[in-house]
Amino acid sequence: MGVQELLEQQFPTHGNWQGLSLGQVAIVWLSHILSQADHRMNQVQSWVEKRTESLGIILGQEVRALDLSDDRLESVVFNLSKDESWINFEKDLSQRQLQVYDLKTERVRLDSTSVSGFHQENKEGLFRYGHSKDHRPDLPQFKLMMATLDPLGLPIASEIIAGNSADDPLYEPAVAQVRKTIGKRGLLYIGDCKMGSIGTRYFIQAGDDYYLCPLSKTQVKAEELQKYISDIKEE
C-alpha cells in the first residue's frame, strides 16, 4: 500500500527530525494498534523496547524505543492534522489500492457517525456537545463522515468535524473527494435520509452520478409513497 512512502511525501518533517522517519514511526505505531488492539500512546514505547531487533530487521534500520516515545507519537499526530496534506494522502492511498487490487468502483456508501469521549468540551476544537447517536448527550463528541466502496467497505474519503455540526452539509464534500480520488462518474451514492436534501441530490445528479436514499416524510407523504410502491407492483 506504500503507507510509509505516501506519508513522507505529504508530511515532510523538520530537518532536525532524527531516528525513524515519520512514515516508519507511523507504520510501527499502526502495527502496535492492530496487534495489541490498543491505541494508547503510553503503551507503545515499552512494546517497541521488547522488539527492537525484530523491528530493525523489518525496517532495515536501527530501532530505538525512544523513536516511539509519547513525544514522538504526538509529533506524528500533529503533522497528520494538516487538513490539505491529509486529503492528498488519502486520495493517493485510495488510488493506489484501487489500482493494485483492481477494485470495482460502481457504488459508494456515505454514512456519518458521532464519537463521544470523556473529554472537556473545547469550543474551538472538535469535541463539542451535540446530538448524540450514542445516546450520551452528557459527553462531548466529534463527528466522522466516511465514504466507502460498497459492498467491500474500503474507505475512500473521510472527514472529521466538530460534534455540534449538522450531518446534512457533510455529504457534498465527501462526494467531491470521492470524485477527485476515483476520477470516474456514473457512480451510485447510497446514504440515509439526511442525504435526501434537494441540494445534495442536485449536486450528485449534476455531476453525472446517481443516488439512492430514503426520503423523509416532509419530502414525500405516506400516501404518495404508497402510490409509488403500488405502481411498481403493477409493473
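Visitor: Which residues are buried in helix 1?

Guide: This is a predicted model, so let's start by looking along that first stretch of helix. Seen down the axis of helix 1, the buried residues fall within an arc of 100 degrees, so they line one face of the helix. An α-helix has 3.6 residues a turn, so residues three or four places apart point the same way. The buried ones in helix 1 are Val-3, Leu-6, Leu-7 and Gln-10.

Visitor: Leaving aside its neighbours within four places in sequence, what is Leu-7 in contact with?

Guide: Leu-7 is one of the residues that touch the most other members of the largest nonpolar core, which has 22 residues. Set the sequence neighbours within four places aside, and the contacts of Leu-7 are Leu-22, Gly-23, Ala-26, Leu-80 and Phe-89.

Visitor: Which helix gives the largest share of this core?

Guide: Val-25, Val-28, Val-48, Leu-68 and Phe-89 join Leu-7 as the members touching the most others in the largest nonpolar core. The elements giving two or more residues to this core include helix 1 (3-10), helix 2 (22-36) and helix 6 (83-101). With 5 residues, the largest share comes from helix 2.

Visitor: How many residues are in the other core?

Guide: That other core lies apart from the largest one. Among its members are Met-145, Ile-161, Leu-170 and Tyr-171. The count for this core is 21 residues.

Visitor: On to the sheet: in what order do the strands stand?

Guide: The sheet is open, and its pairing is mixed. Strand 3 (154-162) and strand 5 (210-212) stand at the edges with a single partner strand each, so one side of each has no neighbour in the sheet. From one strand to the next, the twist averages 25 degrees. The order of the 5 strands is 3-2-1-4-5.

Visitor: What is the bridge partner of Arg-109 in strand 2?

Guide: Strand 1 (residues 107-116) pairs with strand 2 (residues 141-149) in the antiparallel sense, over 9 bridges. Along this pairing, Asp-111 stands opposite Met-146. For Arg-109, the bridge partner is Thr-148.

Visitor: Is strand 2 largely enclosed or left open by the rest of the structure?

Guide: Strand 2 has 9 residues, and 7 of them are buried. Because of that, the rest of the structure leaves strand 2 largely enclosed.

Visitor: Which residue takes a positive phi in the hairpin of strand 2 and strand 3?

Guide: Strand 2 and strand 3 run antiparallel, joined by 8 bridges. Leu-149 stands opposite Leu-154 in strand 3. The hairpin has 4 residues between the strands, and the residue with a positive phi, near 85 degrees, is Gly-153.

Visitor: At about what angle does helix 7 run to strand 3?

Guide: Helix 7 (residues 171-182) lies across strand 1, strand 2, strand 3 and strand 4 (188-190). Relative to strand 3, helix 7 runs at about 145 degrees.

Visitor: Why is Cys-213 in no disulfide with Cys-193?

Guide: Cys-193 is partly exposed, at a relative accessible area of 38%, while Cys-213 counts as buried at 15%. A disulfide needs the two sulfur atoms within 2.5 Å. The closest cysteine sulfur to that of Cys-213 is in Cys-193, and it is too far for a bond, at 8.2 Å.

How values were computed: Residues numbered from 1 in each chain as written. Predicted model: local features only at pLDDT ≥ 70, side-chain atom pairs only at ≥ 80, totals over all residues. Heavy atoms only, no water. Buried < 20%, exposed > 50% of the residue type's maximum accessible area, 1.4 Å probe, protein only. Pairing = 2+ DSSP bridges. Axes fitted to C-alpha atoms, helices over the stretch in contact; angles between N-to-C directions. Contact = heavy atoms within 4.5 Å. Core = buried A, V, L, I, M, F, W, Y, C linked by side-chain atoms within 4.5 Å. Arc of directions from axis to C-beta.
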